[in-house]
Amino acid sequence: MFVLSKISELVRIPPDQFHRDTISAITHQLNNAYANKVIPHVGLCLTVYDILGVDEGQLKPGDGASYINVIFRALVFKPFVDEVITGWISKCTAEGIKVSLLGLFNDIFIPRNMLFEGCYYSPDDNAWIWPMDEETKLYFDVNEKIRFRIEQEVFVDVKPKSPKEREQEEHERQQAEEAGVPYIETKPPAYALLGSCQTDGTGLVSWWE
């Protein structure tokens with residue numbers, strides 16, 4: 001679930017960080033740039049793990065900062081395909097189940113076609129139901145602990161919005177405020193995981209205890 005990724009970076013150390021020793025100043029700047037950020041095609045960076053190499057600092061004309069080429073390792077959240085992990089159901093819809101790893105990662109989705117055969121969504125219960133046999137119905141309830149298998153990683157190149165897109169978004173936001181309903185952004189996450197519950201041991205943890 002967690003990996004160490006080696007990264008090369010040119011780090012800018014501003015003058016207000018010169019009171020720190022070199023490694024502390026570099027680590028501080030790297031964490032500002034990377035911690036809790038998605039690294040495209042790598043995963044979610046949690047923190048800087050260690051510094052492997054540091055070149056001598058360089059100055060640029062007109063800039064009082066120091067620029068240093070650095071090689072470091074970052075601790076990255078990156079489950080591998082077929083890994084089985086546990087989380088908590090945060091939302092159920094007719095499209096599937098959204099799962100959260102509380103305090104760590106929230107963009108996990110189990111599509112309806114990745115659930116046990118025969119599963120169906122009940123709007124009245126706001127839950128997915130698995131009729132395991134003629135007498136037993138098992139519910140995927142919100143806030144329950146769920147075990148699932150990672151099927152796919154999805155990286156999205158989230159580009160800056162154009163002026164027209166920002167104008168349209170602001171118009172929709174104002175309309176929502178006038179109607180007295182919350183405005184919900186539809187921007188896709190930069191990094192998401194697709195999971196499945198189709199084998200013994202997956203599904204709610206309480207089913208198998």
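In these legends Ala, Val, Leu, Ile, Met, Phe, Trp, Tyr, Cys and Pro count as nonpolar, Asp, Glu, Lys and Arg as charged, and the others, Gly among them, as polar. The model is predicted, with local features requiring pLDDT of at least 70 and side-chain atom pairs pLDDT 80 or more, while totals for chains, interfaces and linings use all residues. Numbering starts from 1 along each chain as its sequence is written, and side-chain values use heavy atoms, without hydrogens or water.

**Figure 1. The whole chain holds two helices and 14 strands.** Helices (H or I, at least four residues) and strands (E, at least two) are DSSP runs numbered from the N terminus. The chain is more spread out than a compact globule, because its radius of gyration is 23 Å, well over the 17 Å that the globule rule gives for 209 residues. That radius is taken over C-alpha atoms, and the rule is 2.2 Å times the number of residues to the power 0.38. Along the principal axes, the C-alpha atoms occupy a box of roughly 75 × 45 × 25 Å. Of the 209 residues, 32% are buried, the cut-offs being under 20% relative accessible area for buried, over 50% for exposed and in between for partly exposed (1.4 Å probe, protein chains only). Among the contacts (heavy atoms within 4.5 Å) with a separation of 6 or more, 65% join residues 24 or more positions apart.

**Figure 2. This view shows the largest pocket, with a volume of about 380 Å³.** On a 1 Å grid over the protein atoms alone, a pocket is an open set of points where a 1.4 Å probe fits, with protein on both sides within 12 Å along at least five of seven lines; lining residues have an atom within 4 Å of a point. Points are joined across faces, edges and corners, and the volume is the space filled by probe spheres set on them. The lining of the largest pocket consists of 18 residues, and K98, D107, I108, F109 and P189 are the ones nearest the centre. By type, the lining has 10 nonpolar, three polar and five charged residues. Strands β6 (84-93), β7 (96-101), β8 (105-111) and β13 (191-196) each contribute at least two residues to it.

**Figure 3. The second largest pocket contains about 160 Å³ of space.** Its lining is made by 14 residues, with V38, D107, P189, A190 and Y191 nearest the centre. D107 and P189 are thus named for the centre of this pocket and also for that of the largest pocket. Nine of the lining residues of the second largest pocket are nonpolar, two are polar and three are charged. At least two come from β2 (37-39), and at least two from β8. The largest share, three residues, belongs to β8.

**Figure 4. L193 is a residue of strand β13.** L193 counts as buried because its relative accessibility is 1%. Leaving out residues up to four places away in sequence, L193 touches F77, P79, F105, D107, I108, F109, I150, Q152 and E153. D107, I108 and F109, from this list, are also among the residues nearest the centre of the largest pocket. F155 is 38 residues from L193 along the chain, and their C-alpha atoms are 8.9 Å apart.

**Figure 5. UniProt, in an unreviewed entry, places the feature "domain: RNA polymerase Rpb7-like N-terminal" at residues 9-64.** UniProt positions follow the numbering used here, with shortened feature names, and annotations may be inferred rather than shown by experiment. The segment 9-64 is 23% helix and 45% strand, and 19 Å separates its end C-alpha atoms. G64, where the feature ends, lies in strand β5 (residues 63-77). With a relative accessible area of 48%, G64 is partly exposed. Outside the four places to either side in sequence, G64 touches P15, F18 and L59. From G64 to F155 the C-alpha distance is 37 Å, for a sequence separation of 91 residues.

**Figure 6. L4 is located in strand β1 (residues 2-13).** At 38% relative accessibility, L4 is partly exposed. Beyond its neighbours within four places in sequence, L4 contacts Y49, R73, A74 and L75. L4 and I108 are 104 residues apart in sequence, with 21 Å between their C-alpha atoms.

**Figure 7. H41 has a positive phi, near 65°, although not a glycine.** H41 sits in the loop between β2 and β3 (43-54), and its relative accessibility of 64% makes it exposed. N143, likewise a residue other than glycine, has phi near 75°. The loop between β11 (137-140) and β12 (145-155) holds N143, which is exposed at 61% relative accessibility.
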